[in-house]
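Work through the exercises below with the sequence and the model open. Each task is followed by a solution in steps.

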Amino acid sequence: MADTKGKDWRTAPTRRPAAFGTARSEPDPLEPPTMSRSRVQIAGSYAPGVLMTWEGGKGICRSVPLANEAKDLKPATIALIFENLSDSVTNWRDRVIKVLPDALPELVLDTPFRDSKSGEARVERTDFQMTSPDKVGYVPFPLLYRCGICGSTREFDSVADQARQPLPRKCNGHEARWTQVDVVYVHWSGDIEPLSPFNFNFDPQTGTARPIRMCTCGSTSFKLRNDAPVFSEWRYICEGCGETRSLKKANPEVLTRLQIQQNDGGRAFQWIEVNMLPVSYRANSTFYVQRTSFIVFEDSAVVELMTPKRRDALITRLAQIHDIPFAEPSDDEIRESVEADPARAGEWSEYETYLNMARNAEEAGRAEAARRHRDNAGEQRGAWFNDGIVERGRLGSPAVLQAIAVREDWTRRYDPIRLTIQHDAFVREHIEQAMTRHAAVDVMNPDIALTDVVNDPARKAKYQEKVGSLLGHIGVERLVLVRGLPICEFSFGYTRVSATPIYKREHNGMSVDMPVRLKAFDPLPIADNKRPIYVTQQLNEALYFKLDEARVLRWLAANQIVDVPKDDVGRTYLERYDDFGPFLEVFKDREGMGGYPRTLPAYVYLLLHTLSHQMMHSLADTSGVDRDGIGEHIFPADLAFVIYRKGMTPDLGNISAMWRNYSESFLKRTLDPRTLRCGSGNLCDSRGGACPACVMVSEVSCIASNLLLSRAVLKGGKGPEWEPKTAPNLIGFFDPKLT
């Protein structure tokens, strides 16, 4: 177990001796015992850093990481893990800085998540190890004990320290009755400490927080009076002079950093920023695991094409996906141009060597080597274009070229170029290839496992007529049930006090925003002290929806979107997209001061997102899957979205069973006027938008924090408040005039 400085629990130096200053401690050579839980529990409820107890409440322990490297993770999966991790870390920092622009970087992100010089978010693969959540260690914590007879306390620095000096049988002349103190200090910086009567003072000479190790009378022994119902009334009592002390203790690291900042001319801090909170070890606020999930892709292009080295390959792929004219020079033309330059003639053979090496590596199953060789070939090819040796291919859309050039500054979550490459891989891997092994099925052409009408032509025709009619009314061109969508979920750290980046500290009528530090898990007990990332993968069921493009175009035109194209919404989306931003600021309610125009990208995303939530609610109501257990993924340029069961518990086939038994009810519920009204009354209906009583879901399930969402895009009515006040009411996507 690592202490607050990130050191290994087995070799951590003495923090404070037993009985507050009377005993000597040495490094603890013991290995932690292990326990087995489900992979989901270890990656979440029992992740390193959590405090727990055994059945019956005997003994409080803290879980610690064990080296158990995850095997057989494919390069594309690892790349997506780090891409999502980087996005999560960057988003965490941005959310803090948005509220607290002067927050110290080291109090926002743990060391493995930031650059030590600039303070910017940074994730290096070498700092982490993919870990299989099959087992976890545990050690007793806190090692603080109170006698139930007289209240006297004893504390130990380590298990070895306690083994050398066991708790005495006698305490102050009577039979002792020792129990672990089940209240601890926690701080939003991620630190956790046993209760203590001693505080810290900042020492300007050393520039550190210096612990006060004894009472003013010289005593180091204290009793804990804990009979009051609230922690604010608990008191430590000095056994020497009888002085009482409340449960107040500064976080030494935070005190040091804020005091140095203040001394250097920075802002003056308040003690409520520094003092830790006494809470029960059972409280949720002692530990919030941080995790995320994503759809797994076999094709490494979903990551590789996003790199600057593969820009030309990205242009070519976008041209293929969205039918954008592209005049690319042939290999023979490139070779002739290169070999015509005496100074570069030998580079063509190098280029071919890289390609041959990449092909050989792929055939041998060495995906990482193949990627490296392909990158080298792409870099060589790009150099010819950049140096003017070869004329670069001409893409028939300068706007898409411009989008590719500036997309590095876009928020990854809403980047339509990244998402359209992912959609291409999704359709190829999880639909087309999956259908060949019956791992996916189009609901209009079902198999016997999906419905028993397959063997009865008359019933099948009736089924197709009903389902096709309902899909037509909804505006869905294609609906595919994916039986084995690979979902990867990983946990990478934790927070304390708050699960979100900002904690509001309420004190004496004041409410002060505090930065919550995103902590990495404690280092693994290995030589290079890598931090674990706990990875779980599972095949879950999902529903893939592809909207009718002609219907979408009619809806856009009916709502007076500027310059609606005649066809190819995807290409137009890429050409006109302007970064939504990490917080979708322009789409938040600005107290009636909305002024964002009706653009095609905003309205397409608004439509897909709202319809996705409508389907999530319908799925939850008809399948038994909890709303919080349903995830979504939106491919805006491709007019498609996926809703899927995101849990890592056994998949019982809820979605397949739902379709077999309630397919009509599922689709009809989406169109039911009652589900398109707000459950909280007519206020939400009359002003547009959405609320928790209608199409909102919990923020852990929503890909866009419940923004860019409005039932009016489906049923019609007042437009979202981020539009100009003069904007006309919306024509709903379900309006019969558009079918």
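**Exercise 1.** In what order do the four strands of the open sheet stand, and is the pairing parallel or antiparallel?

Before starting, note that this is a predicted model, in which local features need pLDDT of at least 70, side-chain atom pairs count only at pLDDT 80 or more, and totals for chains, interfaces and linings use all residues. Residues are numbered from 1 along each chain as its sequence is written, and side-chain values use heavy atoms, with hydrogens and water left out.

Step 1. Helices (H or I, at least four residues) and strands (E, at least two) are DSSP runs, numbered from the N terminus. Two strands pair if DSSP finds at least two bridges between them.
Step 2. The order is β1-β5-β3-β2, and the pairing is antiparallel.
Step 3. β1 (34-35) and β2 (51-53) are the edge strands; each has a single partner strand, so one side of each lacks a neighbour in the sheet.
Step 4. Between β2 and β3 (residues 60-64) there are three bridges. Thr-53 has Ile-60 in β3 as its bridge partner.

**Exercise 2.** Compare the expected span of helix α10 with the distance between its end C-alpha atoms, then describe its buried side.

Step 1. The expected span is 1.5 Å times one less than the number of residues.
Step 2. Helix α10 (residues 367-386) has 20 residues, so 28 Å is expected; the end C-alpha atoms are 28 Å apart, which agrees.
Step 3. Buried means under 20% relative accessible area, exposed over 50%, and partly exposed in between (1.4 Å probe, protein chains only). The buried residues of α10 include His-373, Asp-375, Arg-381 and Trp-384.
Step 4. Among the elements that cover the buried residues of α10 are α7 (311-321), α8 (331-339) and α9 (347-363); contact means heavy atoms within 4.5 Å.
Step 5. After α10 comes Gly-388, with a positive phi near 80°.

**Exercise 3.** Describe the surroundings of His-613, starting from its helix.

Step 1. His-613 belongs to helix α16 (residues 600-623).
Step 2. With a relative accessible area of 0%, His-613 is buried.
Step 3. Its side chain reaches the backbone oxygen of Val-695 at 2.7 Å. This is a polar contact (a pair of N or O atoms within 3.5 Å; within protein, one must be able to donate a hydrogen and the other to accept it, and residues adjacent in sequence count only if both atoms are side-chain atoms).
Step 4. Leaving out residues up to four places away in sequence, His-613 touches Glu-632, Val-695, Met-696, Val-697, Cys-702, Asn-706 and Leu-709.

**Exercise 4.** How many aromatic pairs are there? Classify the pair of Tyr-145 and Phe-156.

Step 1. Rings of Phe, Tyr and Trp (its six-membered ring) pair if their centres lie within 6.5 Å; planes under 30 degrees apart count as stacked, over 60 as edge-to-face and the rest as tilted.
Step 2. The count by this rule is 35 aromatic pairs.
Step 3. Tyr-145 and Phe-156 are edge-to-face, at 6.0 Å centre to centre with 70° between the planes.
Step 4. Tyr-145 is in strand β6 (residues 144-147), and Phe-156, 11 residues apart from it, is in the loop between β7 (153-155) and α4 (159-164).
Step 5. Tyr-145 is buried at 11% relative accessibility, and Phe-156 is buried at 5%.
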